[in-house]
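Visitor: I should like a close look at a single part of this protein, and then an account of how that part sits within the whole. Please take the loops between the secondary-structure elements as the starting point.

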Amino acid sequence: MTGTWLKSGDATQDAPLRLFCFAHAGGGGGFYRPWREKLLPEIEVCPVILPGRETRVAEPAHRSMEDLIGPLCAGLAPHLDRPYALFGHSTGAAIAYEVARRFQDDPARAPRRLLVSGRRAPHLAARRPPFAGLADDDFLRVVAELGGTPQEVMSQRDLMRMFLPALRADFHLNESYRPLPGPRLRCPLSGFTGDHDPEVTPLELRLWETMSDGPFRMRVYEGGHFYLAGLPEPLCSDLRQDLREDIRQTVS
């Protein structure tokens, strides 16, 4: 499946640093498309498309991190020909974390930085009861309450039922996730959250600091779990600040 993990045309710009972006459960690469123009020319945003979403809707979605991480890293490997960082939101933060750990032992392919958003540190227990196994109507009600799917999409019941297998797979992956065996992170780590996010507190986000031997930086913004939608200017400015440091270190 090499070459299918990024939209055709992504990872082709001349920016000095690539930013691979992983969406929340139920989300797709389109969530990050508005970011691209805002971060060029220094940072090339490359949204990652997982099986079961968008152009890969016909492929079965992965239900566990163990099954996902091998094919995902194999698919990303050809695109690590220049410095890069990893950004993940919510479930995407856990995926980005495992990708960073998988690549970091090869100096030629190690990430410059991991950026995590809207998720507790990996070793913390979930606060929400699992719901991936609920009956269809109950499951869709909880998904709607989380707010990551546009209301106009949620209101189309036939469409939502078409996407149910991939949605359930996402939440099953999230609910069953435990950190995989592997090395401790060594790269710099940045954490971001909204001040009214019901899924994570600032303290739970700060505990990501214990996941890496590299420096840690945390920022809190106004908003809920999807404070980052559309890349608001405060977040855009902070991303540029963090990643410019990594670019400078790359060219120095």
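Guide: In this predicted model, A135 counts as partly exposed, because its relative accessibility is 48%. A135 is placed in the loop between β4 (114–117) and α4 (136–146). Its C-alpha atom and that of D67 are separated by 25 Å, the two residues being 68 residues apart along the chain.

A second loop, between β5 (189–194) and α7 (202–206), holds D197. With a relative accessibility of 7%, D197 counts as buried. Neighbours within four places in sequence aside, the contacts of D197 are with G118, G223, G224 and H225. For one of these, G223, the C-alpha to C-alpha distance from D197 is 7.0 Å, although the two are 26 residues apart in sequence.

The loop between β6 (216–221) and α8 (233–251) contains L231. At 1% relative accessibility, L231 counts as buried. The backbone of L231 has a phi near 60 degrees, a positive value in a residue other than glycine. S90 likewise has a positive phi, near 60 degrees, and is not a glycine. The position of S90 is in the loop between β3 and α3 (91–103), and its relative accessibility of 14% places it among the buried residues. Another backbone feature is the cis peptide bond from L40 to P41, whose omega is near 10 degrees. P41 belongs to the loop between α1 and β2 (43–47). As background, most residues other than glycine have a negative phi, and most peptide bonds are trans.

The aromatic side chains come next. Across the whole structure, a search finds 13 aromatic pairs. In one of them, Y32 and F87 meet edge-to-face, with 6.0 Å from centre to centre and 80 degrees between the planes. Y32 lies in the loop between β1 (17–22) and α1 (35–39), whereas F87 is in strand β3 (residues 84–89), so this pair ties together parts that are 55 residues apart in sequence. Y32 and F87 are both buried. The pair of Y221 and Y227 is stacked, because the ring centres are 5.6 Å apart and the planes stand at 10 degrees. Y221 counts as buried at 10% relative accessibility, and Y227 counts as buried at 8%. Ring pairs join these four residues with F31, W35, F192 and F226 in a cluster that comprises F31, Y32, W35, F87, F192, Y221, F226 and Y227.

These parts belong to a protein chain with 8 helices and 6 strands. Along the sequence, the elements follow the pattern β-α-β-α-β-α-β-α-α-α-β-α-β-α. Of the contacts with a separation of 6 or more, 80% are between residues 24 or more positions apart. The radius of gyration is 17 Å, which agrees with the value near 18 Å that a compact globule of 252 residues would have. Taken along the principal axes, the C-alpha atoms fill a box of roughly 55 × 40 × 35 Å.

As for the surface, 53% of the 252 residues count as buried. The chain exposes about 11,200 Å², of which carbon and sulfur atoms supply 54%. The chain carries 31 positive and 33 negative charges, and the mean positions of these two sets are 2 Å apart.

Definitions and conventions
Residues are numbered from 1 along each chain as its sequence is written. This is a predicted model: local features need pLDDT of at least 70, side-chain atom pairs count only at pLDDT 80 or more; totals for chains, interfaces and linings use all residues. Side-chain values use heavy atoms; hydrogens and water are left out. Helices (H or I, at least four residues) and strands (E, at least two) are DSSP runs, numbered from the N terminus. The radius of gyration is taken over C-alpha atoms; the globule rule is 2.2 Å times the number of residues to the power 0.38. Buried means under 20% relative accessible area, exposed over 50%, partly exposed in between (1.4 Å probe, protein chains only). Contact means heavy atoms within 4.5 Å. Accessible areas come from the Shrake-Rupley method with a 1.4 Å probe; for residues, only the protein chains shown count as cover. Lys and Arg count as positive and Asp and Glu as negative; His and the chain ends are not counted. The place of a charge is taken as NZ of Lys, CZ of Arg, CG of Asp or CD of Glu. Rings of Phe, Tyr and Trp (its six-membered ring) pair if their centres lie within 6.5 Å; planes under 30 degrees apart count as stacked, over 60 as edge-to-face and the rest as tilted.
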